[in-house]
Amino acid sequence: MTTLPSPATKSLDGTGVARGIRAEVAADAVELNLAGTTPRLALVVATDHGSSAWYVRQIARAASAAGLLCDVIDLGPEAGPEQIRSALSRLSADPAVHGIMLQTPLPAGADFGELAGAIDPAKDVDGANPVSQGRLAAGLPAHPPATAAAVLALLDHCEIPLLGRSCVVVGHSNVVGRPVAQLLLRRDATVTVCHRHTEDLEAYTRTADVLVVAVGRPGLITAGHVGRDAVVIDVGTTPTPDGGLAGDVDHAAVDGRVRVLSPVPGGVGPVTTAQLLRHTVRSAAALGGGR
Ligand SMILES: Nc1nc(=O)c2c([nH]1)NC[C@@H]1CN(c3ccc(C(=O)N[C@@H](CCC(=O)O)C(=O)O)cc3)C=[N+]21
């Protein structure tokens with residue numbers, strides 16, 4: 001009997017996938033512009049958090065390169081809930097705006113779900129309104145959160161089969177874990193959702209053909225948590241003291257053990273930004289009107 005060599009791990013190229021999506025978005029934006037609609041995305045910011053500021057700059061740059069307009073409405077970290085709500089309501093009523101995103105984190109006392117209720121679901125390009133989340137769960141058309149959509153875009157890019165497969169999602173946040181589970185269910189995967197109170201996490205994650213981890217705890221997933229041949233999507237992005245980013249997966253420990261692994265940085269992150277733009281051109285096409 002010979003021992004099989006450990007499988008080589010393929011690293012997912014999120015940057016390349018994002019580039020492809022941005023090219024599609026740019027082509028769609030040309031068509032929309034010719035038809036008289038310039039897709040317009042509005043970002044509402046009420047935080048001075050570094051990760052949000054970085055993301056806002058990134059979105060603005062990618063939007064302008066793809067032929068979309070992007071407005072940043074910076075209300076400052078002291079903004080009150082009513083101020084945020086009225087900005088979202090005004091943008092929802094503005095026919096020139098096709099996409100609206102409320103950045104997290106929010107000031108203390110502001111509830112994300114409550115405020116996102118003021119975003120017109122037709123413009124809710126980051127799937128934040130509880131109505132969008134409900135529609136997603138009910139299998140109705142809705143934009144999923146961009147990060148959740150990015151996870152599926154990466155899996156689809158590699159043609160990972162989902163129907164009937166064991167998919168384990170670690171993390172049950174409204175921005176990633178829950179909507180990813182809903183998207184996987186829509187594809188008839190067998191979905192298990194684990195979270196901070198799950199006992200014996202490894203027992204679940206080891207069974208996964210596809211493992212999606214989105215909790216924000218570096219090193220949570222290590223060699224004992226993954227089966228050979230698993231496809232692992234690492235959604236964590238925790239800043240490290242040296243100015244880098246750490247995912248939730250111990251990449252050195254699982255490398256060579258799993259079949260596919262999405263890196264951090266360069267995995268889900270860049271696809272998230274591209275997906276937000278994709279949702280915006282889709283909304284612009286559906287809404288039309290107003291330049
Ligand atoms: N409502 C809401 N939805 C969000 O999705 C949301 C938000 N608020 N607030 C801020 C955070 C931050 N965020 C990132 C997206 C992409 C990268 C990204 O592309 N990162 C690069 C690397 C960045 C680097 O090198 O520093 C990567 O992963 O390769 C990072 C962070 C989305 N956020």
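Domain bounds come from an automatic or database domain assignment. Here that assignment gives domain 1 (30-123) and domain 2 (146-270). The model is predicted: local features need pLDDT of at least 70, side-chain atom pairs count only at pLDDT 80 or more, and totals for chains, interfaces and linings use all residues. Residues are numbered from 1 along each chain as its sequence is written.

**Exercise 1.** State how far apart the C-alpha centres of domain 1 and domain 2 lie.

Solution. The two C-alpha centres are 28 Å apart.

**Exercise 2.** Describe how helix α6 (residues 146-157) and helix α10 (residues 268-287) are placed (helices are DSSP runs of H or I, at least four residues, numbered from the N terminus).

Solution. Step 1: two packed helices are described by the angle between their axes and the distance between the axes. Step 2: the axes of α6 and α10 come within 8 Å and cross at roughly 110° (axes are lines fitted to C-alpha atoms over the stretch in contact; angles run from 0 to 180 degrees between N-to-C directions). Step 3: therefore α6 is roughly perpendicular to α10 (65 to 115 degrees). Step 4: residues of the contact include A146 and L154 of α6 and V268 and H279 of α10 (C-beta atoms, placed from the backbone, within 7 Å).

**Exercise 3.** Give the strand order of the open sheet and its edge strands (strands are DSSP runs of E, at least two residues; two strands pair if DSSP finds at least two bridges between them).

Solution. Step 1: six strands run in the order β1-β11-β8-β7-β5-β6, with parallel pairing. Step 2: β1 (10-11) and β6 (190-194) are the edge strands, each pairing on one side only. Step 3: β1 pairs with β11 (residues 260-261) over two bridges, and S11 has L261 as its bridge partner in β11.

Key: Angles under 35 degrees count as roughly parallel, over 145 as roughly antiparallel, 65 to 115 as roughly perpendicular and the rest as oblique. Two residues are in contact if their C-beta atoms, placed from the backbone, lie within 7 Å. Two strands pair if DSSP finds at least two bridges between them.
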